[in-house]
Amino acid sequence: MTEKSKDELLHDHNHDGVDRRGFLKCMAWAGTGAFCVMQGGVLKSYSMSNMSQAASKITAGQLSFVQISDSHMGFNKAANPDVVGTLKTAVDKVNALSTPAEFMLHTGDISHLSKPEEFDTVDQILKGATPKDIFYVPGEHDMLNDDGKQYMERYGKNTKGSGWYSFDKKGVHFIGLVNVLNLKAGGLGTLGHDQLEWMEDDVKHLKSSTPIVVFAHIPLWSVYPEWGWGTEDSAQALAYLKKFGSVTVLNGHIHQTMQKVEGSVTFHTAASTAFPQPEPGKAPSPGPMKVPAEQLKSVLGITDVNYVHGQHALAVVDSSLA
Amino acid sequence: MRRIVSTAVLFATTFGVGFAGMFAGAGNLPAAAQQKADATEVKIDNFSFGPAELKVPVGTTVTWTNRDDIPHTAVSNDKIFKSKVLDTDEKFSFTFSKPGTYEYFCSIHPKMTGKIVVQ
């Protein structure tokens, strides 16, 4: 990623539309909602009011999944004293989707303080979701105090290293990465040498026509390095994906939805199910943002992703919990 | 855990007072003791350590207090000290018995960095 593209994101993220260099970014507070379809590297966005028009462009029944993120079970401060309630609302949303999701991704910060009872509560609530398969990657809040030992016991059974893995669903190759361990003073998220090496090997034998979905907690693009919203060695990971025609990167961590297209790569961050965080640089710190109680559910949400065979198109839909 | 920390602070305080008392005639110690009484706290607010750089005399116990709604840690770059995860209003104390510059950071939010200079 060039310095220039970083700057454009930083200074242009809250405007609509296409910039001069042909990137199309849409950032939407989950409250306004955005529906995005990527076709041939071009992202088309629709407002929530045009949802039926947009939805008709997707062929149902090929591959549909949901991303949820940042449940922060155990958080009980003013920004959301009821994270149990909002996670349950998220599950209700998932269960009510018109195209049922086949599985879910959870992009980390399942718990707030890595406490066993926090993980237990999330597990219990997610049992109520229609999709039974849930694929996790850890957030930094899930690996506090024990370098991820508990997380690995609970969620890491079929993973490599500190929790990374890949799997295939209907021709789409999914890669779950861990970028929240061994963080260095002053630094950003880190994948590390071992994981990068594994990833290079993992994708080496795939056809370039294989659609790729990468998911990890901390964004794999420089959203706002000043707040640590980026990953030190993500450029190396993305370099391994250059040959592929369709790459979608799904992240959490920043508690707001944001999208960007760069070449054949679409980057997307999901809303939290627990509490919102400020837009980059719009507050003294990235701490939890308190919004009026009646607005809270409009800034929390889930992400629904549809893939249509043959079109190399992933449609990413953010829905608020309101 | 909190009890252990409190005991450690109490011990260090008692020791410090005794130490200062014993050498009160040595000249520069009263000033050092004064500085110690004023500035041995680091407050964590808005994802930053305040003050980011703190100068203390040898033997000072520094206490970090997390005043954010998000948990933080204080971990020395050289692994000399490492707090548990501090939730809102939780504290961590460490006594610096050797002179030197101790750089540290929050292992959860590594952009948060600080420095304790022990003289």
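**Exercise 1. Find the bridge partner of A:Val247 in β11(A), then place both strands in their sheet.**

Step 1. In β11(A), A:Val247 is partnered through a bridge by A:Val265. Before going on, note that this is a predicted model, where local features need pLDDT of at least 70, side-chain atom pairs count only at pLDDT 80 or more, and totals for chains, interfaces and linings use all residues. Residues are numbered from 1 along each chain as its sequence is written, while chains are lettered from A and ligands numbered from 1 in the order in which they are written.

Step 2. Look at the strands themselves: β9 of chain A covers residues 247-251, β11 of chain A covers residues 265-269, and five bridges join them in parallel. Strands here (E, at least two residues) and helices (H or I, at least four) are DSSP runs, numbered from the N terminus. Two strands count as paired if DSSP finds at least two bridges between them.

Step 3. Now zoom out. In chain A, six strands make an open sheet in the order β6-β7-β8-β9-β11-β10, and the pairing is mixed. At its edges sit β6 and β10 (258-262) of chain A, each pairing on one side only. Ignoring direction, neighbouring strands of this sheet are turned by 15° against each other on average. For such angles, axes are lines fitted to C-alpha atoms (for helices over the stretch in contact), and angles run from 0 to 180 degrees between N-to-C directions.

**Exercise 2. Which residues of helix α4(A) are buried, and what covers them?**

Step 1. Get the cut-offs straight: a residue is buried if 20 or more other C-beta atoms lie within 10 Å of its own, exposed if 12 or fewer, and partly exposed in between, with C-beta atoms placed from the backbone.

Step 2. Helix α4 of chain A takes in residues 116-126, and its buried residues are A:Glu118, A:Phe119, A:Val122 and A:Leu126. They sit on the same side of α4(A), because they cover an arc of only 95° around the axis. That arc is taken from the directions from the helix axis to the C-beta atoms.

Step 3. Turn to the face away from the buried side, and you'll find the exposed residues A:Pro116, A:Glu117 and A:Gln124.

Step 4. The cover over the buried residues of α4(A) includes α3 (83-95), β5 (133-136) and α5 (149-155) of chain A. Contact means that the C-beta atoms of two residues, placed from the backbone, lie within 7 Å.

**Exercise 3. Where does A:Gly187 lie, and what does A:Gly187 touch?**

Step 1. A:Gly187 belongs to the loop between β7 (172-176) and α6 (193-204) of chain A.

Step 2. This residue, A:Gly187, has 17 other C-beta atoms within 10 Å, so it counts as partly exposed.

Step 3. Leaving out residues up to four places away in sequence, A:Gly187 touches A:Glu232 and B:Pro110.

Step 4. For a sense of distance, take A:Ser208: it is 21 residues from A:Gly187 along the chain, and their C-alpha atoms are separated by 33 Å.

**Exercise 4. Work out which strands pair with β1(B), and how.**

Step 1. Strand β1 of chain B (residues 41-45) shows two faces: B:Val42 and B:Ile44 are covered, while B:Glu41, B:Lys43 and B:Asp45 are uncovered. Here's the general idea: side chains in a regular strand alternate between the two faces of the sheet.

Step 2. Four bridges join β1(B) in parallel to β4 (residues 61-66) of chain B. One of the partners to look for is B:Asn66 in β4(B), which bridges to B:Ile44.

Step 3. Three bridges link β1(B) to β2 (residues 48-50) of chain B, and this pair runs antiparallel. In β2(B), B:Phe49 stands opposite B:Ile44, and B:Ser48 stands opposite B:Asp45.

Step 4. β1(B) and β2(B) make a hairpin with two residues between them, and B:Asn46 in the turn has a positive phi of about 50°.

Step 5. Put the sheet together: its four strands in chain B run in the order β2-β1-β4-β6, open and with mixed pairing. β2 and β6 (91-95) of chain B stand at the edges with a single partner strand each, so one side of each has no neighbour in the sheet. From one strand to the next, the twist averages 20°.
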